[in-house]
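Here is a short report on helix packing, burial and a surface patch. The sequence and model come first.

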Amino acid sequence: MAFAQSRLAVLPSPMSFGVGAVGAVVAIVGAVVGHARLAGFLARRPVPVVRDYVRLLRSLSIAYVWETWPDSRADGSAP
């Protein structure tokens, strides 16, 4: 989590606000309807803003693995 927060902290303010807003909406809706149900719904109906949010999270995950490798396993967990 600290890695993602450090990356998000250097984003320009409008982008940081947008990522935070989309993240908050996804978290709230996920808490209400369930994260698995929300993920299934979004997988069937890609929403442009949410799709970009997911791409950002995926790119942060890949960056984390590459920056901590070889001190991490292929899935990013500590050895």
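Tyr53 is buried, because its relative accessible area is 19% (buried means under 20%, exposed over 50%, partly exposed in between; 1.4 Å probe, protein chains only). The model is predicted: local features need pLDDT of at least 70, side-chain atom pairs count only at pLDDT 80 or more, and totals for chains, interfaces and linings use all residues. Residues are numbered from 1 along each chain as its sequence is written, and side-chain values use heavy atoms, leaving out hydrogens and water.

Tyr53 sits in helix H4 (residues 48-68). Helices are DSSP runs of H or I, at least four residues, numbered from the N terminus. Leaving aside residues up to four places away in sequence, Tyr53 touches Val19, Val22 and Gly23; contact means heavy atoms within 4.5 Å. Val26 is 27 residues from Tyr53 in sequence, and their C-alpha atoms are 9.7 Å apart.

Two residues side by side:

| Residue | Helix | Relative accessible area |
|---|---|---|
| Tyr53 | H4 (residues 48-68) | 19% |
| Val29 | H2 (residues 13-33) | 34% |

Val29 is partly exposed. Val29 joins Val25, Ile28, Val32 and Val33 in a nonpolar surface patch, with about 440 Å² of accessible area together. Patch residues have over 30% relative accessible area and no salt bridge, and nonpolar side chains are joined within 5 Å. A salt bridge puts a side-chain nitrogen of Lys or Arg within 4 Å of a carboxyl oxygen of Asp or Glu. Areas use the Shrake-Rupley method with a 1.4 Å probe.

H2 also packs against helix H3 (residues 35-44), at about 115 degrees, with axes 7 Å apart. Axes are lines fitted to C-alpha atoms over the stretch in contact, and angles run from 0 to 180 degrees between N-to-C directions. On the H2 side are Val26, Ala27, Val29, Gly30, Ala31 and Val33; they meet His35, Arg37 and Leu38 in H3.

Notes:
Patches are made of residues with over 30% relative accessible area and no salt bridge: like charges are joined within 9 Å, nonpolar side chains (Val, Leu, Ile, Met, Phe, Trp, Tyr) within 5 Å. Helices (H or I, at least four residues) and strands (E, at least two) are DSSP runs, numbered from the N terminus.
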